[in-house]
Amino acid sequence: MISSISTRSVRDWRSNEPGAWVIVLMPALSAFLVSGPTWNSVWLLVLWCLCYCVQFSAARWAKSHGRARYRMPMLVYAALLVCAGLPFVFRFPGMLWWAPIYCVLCAGR
């Protein structure tokens with residue numbers, strides 16, 4: 001039997017928002033299916049999912065006023081995103097064209 005501590009721990013690592021994964025993945029999956037599967041599109045899809053995981057876990061951590069139980073998922077997802085994302089940005093530096101737009105959008109939030 002799974003204890004309440006381990007159940008809580010698993011829930012800390014995934015989104016509990018109903019329908020969030022569908023909303024997040026529909027644009028990326030649509031583009032993936034329309035453009036056809038390539039290694040680069042799979043890589044971008046993985047990065048898209050990691051971005052959502054970082055965003056969700058960081059928002060949860062911030063909303064909880066920095067509780068330690070939400071810190072580890074945020075840090076692990078961020079590290080995975082950096083490890084997978086930096087090679088992508090070095091391979092496709094044109095993607096950085098979107099960075100200022102996203103910074104403005106995030107700052108306005």
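## Ser57 and its contacts

Set aside the neighbours within four places in sequence, and Ser57 is in contact with Tyr70, Pro73, Met74 and Tyr77. The model here is a predicted one, so keep that in mind as you click through the residues. Ser57 itself sits in helix α3. Is Ser57 buried or exposed? With a relative accessibility of 3%, Ser57 counts as buried, because the cut-off for that label is under 20%.

Now take the view from Tyr77, one of those partners. Tyr77 belongs to helix α4, and at 14% relative accessibility it also falls in the buried class. Again skipping neighbours within four places in sequence, the residues in contact with Tyr77 are Trp13, Leu50, Cys53, Val54 and Ser57. Cys51 is worth a look from here too: its C-alpha is 8.2 Å from that of Tyr77, while the two residues are 26 apart in sequence.

## The overall fold

Zooming out, what does the protein chain contain in the way of helices and strands? The count is five helices and zero strands, and reading along the sequence gives the pattern α-α-α-α-α. If you put a box around the C-alpha atoms along the principal axes, you get roughly 45 × 35 × 25 Å.

Contacts tell you how the chain is put together. Take those between residues at least 6 apart in sequence: 67% of them join residues at least 24 apart. Buried residues account for 23% of the 109 residues in the chain. As for the surface, the accessible area comes to about 8200 Å², and carbon and sulfur atoms own 74% of it.

## The largest pocket

If you're thinking about where a probe might go, start with the largest pocket, which has a volume of about 1400 Å³. Its lining is made of 30 residues, and the ones closest to the centre are Leu47, Trp48, Cys51, Met95 and Tyr102. Which elements give two or more residues to that lining? They are α2 (20–35), α3 (39–63), α4 (68–91) and α5 (99–107).

Helix α3 gives the most, with nine residues in the lining. Sorted by class, the lining has 25 nonpolar residues, four polar ones and one charged one.

## Along helix α4

Helix α4 has more to offer than Tyr77. Met72 lies in this helix, and at 48% relative accessibility Met72 is classed as partly exposed, because the exposed label needs over 50%. Its C-alpha is 9.1 Å from that of Asp12, with the two positions 60 residues apart along the chain by numbering.

Arg91 is in helix α4 as well. Arg91 has a relative accessible area of 53%, so it counts as exposed. Leaving out neighbours within four places in sequence, Arg91 is in contact with Asn40 and Trp43. For a sense of distance, try the C-alpha of Arg91 against that of Tyr70: the residues are 21 apart along the chain, and the atoms are separated by 32 Å.

## The loop at His65

Between α3 and α4 there is a loop, and His65 is found in it. Check the backbone there: His65 has a positive phi of about 65°, although it is not a glycine. The residue is exposed, with a relative accessible area of 76%.

## Cysteines

How many disulfides does a search of the whole structure find? The result is zero. Cys83 is in no disulfide, and the nearest cysteine sulfur to it, which belongs to Cys51, is 14 Å away. A disulfide needs the two sulfur atoms within 2.5 Å, so that pair does not qualify.

Cys83 counts as exposed, at 61% relative accessibility. Cys103 is exposed too, with a relative accessible area of 52%. Cys51, for its part, is one of the residues closest to the centre of the largest pocket.

Note on methods: Residues numbered from 1 in each chain as written. Predicted model: local features only at pLDDT ≥ 70, side-chain atom pairs only at ≥ 80, totals over all residues. Heavy atoms only, no water. Buried < 20%, exposed > 50% of the residue type's maximum accessible area, 1.4 Å probe, protein only. Helix = DSSP H or I, 4+ residues; strand = E, 2+ residues; numbered from the N terminus. Contact = heavy atoms within 4.5 Å. Areas by Shrake-Rupley, 256 points an atom, 1.4 Å probe, with all protein chains shown as cover. 1 Å grid on protein atoms, 1.4 Å probe; cavity = no way out; pocket = protein on both sides within 12 Å on 5 of 7 lines; lining within 4 Å. Points joined across faces, edges and corners; volume = space filled by probe spheres on them. Nonpolar A, V, L, I, M, F, W, Y, C, P; charged D, E, K, R; others polar.
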